[in-house]
Amino acid sequence: MAQPDTKKIFFENLSGAGKAIAVLTSGGDAQGMNAAVRAVVRMGLYVGAKVYFIHEGYQGMVDGGENIKEATWESVSSMLQVGGTVIGSARCKEFRSHEGRLKAAHNLVQQGITNLCVIGGDGSLTGANLFREEWSGLLGELVDQGLIEADAVQKYSALHIVGMVGSIDNDFCGTDMTIGTDSALHRIIEVVDAIMTTAQSHQRTFVLEVMGRHCGYLALVSALACGADWVLIPEMPPEDGWEDKMCQKLSANRAGMKRLNIIIVAEGAIDRNNKSITTDLIKNLVVKCLGFDTRVTILGHVQRGGTPSAFDRILASRMGVEAVLALLETTANTPACVVSLCGNQSVRLPLMECVQMTQEVQKAMDEKRFEEAVKLRGRSFENNLKTYKLLAHRKPESELPTSNFNVAVLNVGAPAAGMNAAVRSAVRVGISEGHKMFAVSDGFEGFYKGQIKEIKWADVGGWTGQGGSLLGTKRTLPAKHVDKIAEQMRMHNINALLVVGGFEAFLSLLELLTARGKYDEFCVPMVMVPATVSNNVPGSDLSIGADTALNAITTTCDRIKQSASGTKRRVFIIETMGGYCGYLASVGGLAAGADAAYIYEEPFDIRDLQANVEHLTEKMKTSIQRGLVLRNENSNENYTTDFIYQLYSEEGKGVFDSRKNVLGHMQQGGAPSPFDRNFGTKISAKAMQWVTKKLTETFRQGRVFANTEDSCCLLGMRRRALVFQPVVQLKEHTDFVHRIPKEQWWLKLRPLMKILAKYKTSYDVSDSGQLEHVVRNRPKESDASVAM
């Protein structure tokens with residue numbers, strides 16, 4: 001669906017002139033804060049406003065002086081990849097007092113600042129809102145004390161506040177992800193993956209403590225992403241007698257030939273009586289009851305440190321730009337808001353509604369209303385918990401429903417990190433729903449050759465962290481072999497298909513849909529889960545594997561740029577994968593701080609290349625030492641990577657030299673990122689539940705017969721939700737020649753990359769967030785979560 005082109009703002013007529021915006025980071029630091037600061041500064045300058053740093057958070061605002069400095073374009077160069085916050089953060093007791101806020105107001109008025117962008121947690125944002133409410137009264141006091149002129153009260157009559165949530169705990173209601181959470185998950189999963197190898201060698205049990213004093217998000221998602229045996233979180237304490245259940249689970253896993261156990265504990269984990277559950281308590285319990293060799297690892301501040309992930313850089317950059325737009329649109333009557341993420345969509349929510357909801361979670365936990373606490377955390381948290389329980393704890397055979405349905409799972413197309421997590425999820429959910437699950441090796445090539453075997457619960461243990469495709473995958477399409485595939489479907493009595501793959505998987509489902517006219521064997525429910533690094537599948541904003549590829553690109557670009565530090569000025573030309581889809585080049589460019597990204601979807605000619613060279617030359621003369629240019633592999637058949645490299649080398653003579661690098665298949669390899677593990681797990685579980693529903697609906701007179709369009713679907717992320725779409729309806733939205741969707745949401749991020757690279761360009765704000773209200777999720781009896 002084409003977006004209405006109603007609201008475009010241009011460099012010449014933006015309304016930031018005469019405004020002063022200050023940005024500060026407060027409370028605990030989080031990876032990605034620097035990316036947010038950079039975006040606020042550069043977007044602020046782009047719209048013609050003055051932008052100020054407030055160093056050391058609210059303490060710097062109270063102390064004033066050198067702590068409040070005007071920012072320039074160059075002052076935020078080379079900070080995108082840096083963890084923590086370079087402008088400093090501090091907890092400030094003085095700002096909690098009226099006298100402290102009076103000093104802060106005086107310091108802001110002296111600089112003419114009436115727009116504040118606060119990056120922090122709920123405490124920092126609550127403080128900012130109180131400051132805003134007291135503002136006019138504070139100015140009145142300053143006039144009475146003779147510290148400011150009387151006309152300043154009118155001139156600076158309103159203080160506008162926009163917040164961005166920077167917190168690794170992801171404990172703020174109203175947003176699916178806070179800045180820093182994804183990077184913290186990267187640190188945790190890196191440690192868990194490393195621990196698993198040593199634990200397996202010695203048949204050990206490891207108890208890991210992760211951060212989360214009041215919120216179990218990090219513990220829950222890392223448990224989901226690594227397939228942990230047990231997880232303990234404050235929102236959902238275990239039922240009384242959990243100790244015996246946990247030991248039984250660990251013992252059963254060892255009996256099933258598993259050589260290690262992983263238990264993940266949030267630092268705020270409690271039991272039903274609000275008594276703390278510590279790592280030492282668990283270790284002693286396991287040693288006493290089972291005699292297992294057990295070790296404790298407390299991750300601590302490792303989780304806060306390190307380089308921000310690609311996801312956090314993109315999130316923070318999008319939120320930073322959104323925050324400036326929100327400040328431009330505020331009036332005296334607009335409530336303070338936070339910019340946040342819902343699904344894949346930017347939203348603005350009233351700050352105090354979010355804070356109140358966050359406080360309600362803690363109140364519900366204190367009052368032992370745990371099911372309600374989980375609901376109040378939001379749909380993302382609730383879905384994670386439900387999925388973890390579904391996959392980690394196998395029901396006894398006697399409790400499983402008996403469906404007598406056979407479901408086949410296969411991978412089609414190129415390998416993508418996260419495919420194995422998706423297959424594991426499908427297999428275990430399928431078994432939980434009472435189906436017999438079959439694994440097909442090597443895609444449709446293996447299907448027609450009969451490489452099909454039953455796959456059990458334990459067979460997929462440890463698959464979440466494995467890269468590539470353990471089932472094997474090929475690009476072979478089924479059309480040439482439909483007769484043999486139909487025969488195999490008949491021989492194994494396959495009642496449904498779940499296909500995990502990229503564009504080839506989409507084409508395969510279209511071919512099988514056509515074959516229904518000739519073969520009844522294909523009149524069964526079929527669903528596709530998108531998995532490709534190229535992110536080029538129609539019907540889904542995101543594909544499994546794309547996040548891992550983005551992180552590979554971002555990390556490599558960081559290293560490549562660092563290789564030129566201390567040398568003469570240099571520009572790097574980097575070629576990315578993606579076929580004709582420019583997602584990796586564009587979004588990777590945004591995450592790595594590229595100056596340009598050449599893609600097929602946005603045609604370019606020699607004049608554009610020349611303009612880019614001139615732009616970089618100008619920047620090199622005045623400020624930056626290193627430039628970064630990304631090129632999608634099929635962006636233009638004539639303007640190749642070699643051509644662009646030679647052009648930049650020739651035109652940049654005397655100012656900079658050039659180097660080129662083709663990233664190749666390193667973008668496809670490696671262990672899946674936490675996002676891809678989690679996304680693959682959840683989307684595949686949902687797909688399997690849809691299969692069960694369709695099997696029940698289409699089972700008539702002793703057989704499954706599904707021949708309607710809506711029985712052959714693709715499950716994709718569309719803006720804010722996961723949506724099932726009949727593949728036949730997606731045909732009109734697909735460019736089959738170039739294997740890309742006709743409409744691609746991420747193209748709207750390209751002007752953002754250009755703005756942050758100092759280009760004068762138009763920026764489409766038709767898709768920017770509008771002020772909404774927080775949706776309150778109250779638990780119903782039917783879907784209240786059951787404690788582990």
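In this predicted model, Gln 701 counts as exposed, because its relative accessibility is 85%, where over 50% is the cut-off. Gln 701 sits in the loop between β23 (699-700) and β24. Its backbone is also worth a look: although Gln 701 is not a glycine, its phi is positive, at about 50°.

A second residue with a positive phi makes a useful companion to Gln 701. Asn 535, likewise not a glycine, has a phi of about 55°. Asn 535 belongs to the loop between β18 (526-530) and α18 (546-562). Here the surroundings are of another kind: with a relative accessibility of 3%, Asn 535 counts as buried, whereas Gln 701 counts as exposed.

Strand β24, which borders the loop of Gln 701, covers residues 703-704 and includes Val 704. Val 704 has a relative accessibility of 8% and therefore counts as buried, the limit being under 20%. What does Val 704 touch, once residues up to four places away in sequence are set aside? The contacts are Phe 405, Asn 495, Cys 523, Val 524, Pro 525, Leu 695, Thr 698 and Phe 699. For one of these partners, Cys 523, the separation along the chain is 181 residues, while the C-alpha atoms of Val 704 and Cys 523 are 7.7 Å apart in space.

Helix α22 (residues 674-698) holds another buried position, Ser 684. The relative accessibility of Ser 684 is 0%, so the residue counts as buried. Leaving out residues up to four places away in sequence, Ser 684 touches Ala 422, Ser 425, Ala 426, Leu 498 and Val 529.

Helix α22 also packs against helix α6 (residues 181-202). Two packed helices are described by the angle between their axes and the distance between the axes. For α6 and α22, the angle is about 90° and the axes are 9 Å apart. The two helices are therefore roughly perpendicular. On the α6 side, the contact is made by Asp 182, Leu 185, His 186, Ile 189 and Asp 193. On the α22 side, Pro 674, Phe 675 and Arg 677 take part. Sorted by type, the residues of this contact comprise 4 nonpolar, 1 polar and 3 charged.

Helix α8 (residues 242-255) offers a good case for following the geometry step by step. Its 14 residues, at 1.5 Å each, should span 20 Å, and the end C-alpha atoms are indeed 20 Å apart, so the expected and computed values agree. Which residues of α8 are buried? They are Trp 242, Met 246, Cys 247, Lys 249, Leu 250, Asn 253 and Arg 254. Viewed down the axis of α8, these buried residues fall within an arc of 155° and so line one face of the helix. An α-helix has 3.6 residues a turn, so residues three or four places apart point the same way. The other side of α8 carries the exposed residues Asp 244, Gln 248 and Ala 255. The packing partners of the buried residues of α8 are β7 (205-210), β8 (230-232), β9 (261-266), α9 (279-290) and α13 (379-392). After α8 comes Met 257, with a positive phi near 70°.

Between two of these partners, β9 and α9, lies the loop that contains Glu 267. Glu 267 counts as partly exposed because its relative accessibility is 30%. Apart from neighbours within four places in sequence, Glu 267 is in contact with Glu 209, Val 210, Met 211, Gly 212 and Arg 213. Glu 267 and Ile 233 are 34 residues apart in sequence, and their C-alpha atoms are 8.2 Å apart.

Helix α17 (residues 503-515) reaches 19 Å from its first C-alpha to its last, close to the 18 Å expected for its 13 residues at 1.5 Å a residue. This helix is mostly covered, with 11 of its 13 residues buried. Among them are Phe 503, Phe 506, Leu 509 and Leu 513, along with Glu 504 and Ser 508.

Finally, Thr 476 is found in the loop between β16 (473-474) and α16 (482-491). With a relative accessible area of 22%, Thr 476 is partly exposed. Its contacts, not counting residues up to four places away in sequence, are Phe 444, Glu 445 and His 481. Val 529, which Ser 684 touches, is 53 residues from Thr 476 along the chain, and the C-alpha atoms of Thr 476 and Val 529 are separated by 17 Å.

Conventions:
Residues are numbered from 1 along each chain as its sequence is written. This is a predicted model: local features need pLDDT of at least 70, side-chain atom pairs count only at pLDDT 80 or more; totals for chains, interfaces and linings use all residues. Side-chain values use heavy atoms; hydrogens and water are left out. Axes are lines fitted to C-alpha atoms, for helices over the stretch in contact, and angles run from 0 to 180 degrees between N-to-C directions. Helices (H or I, at least four residues) and strands (E, at least two) are DSSP runs, numbered from the N terminus. Angles under 35 degrees count as roughly parallel, over 145 as roughly antiparallel, 65 to 115 as roughly perpendicular and the rest as oblique. Contact means heavy atoms within 4.5 Å. Ala, Val, Leu, Ile, Met, Phe, Trp, Tyr, Cys and Pro count as nonpolar, Asp, Glu, Lys and Arg as charged, and the others, Gly among them, as polar. The expected span of a helix is 1.5 Å times one less than its number of residues. Buried means under 20% relative accessible area, exposed over 50%, partly exposed in between (1.4 Å probe, protein chains only). The arc is that of the directions from the helix axis to the C-beta atoms.
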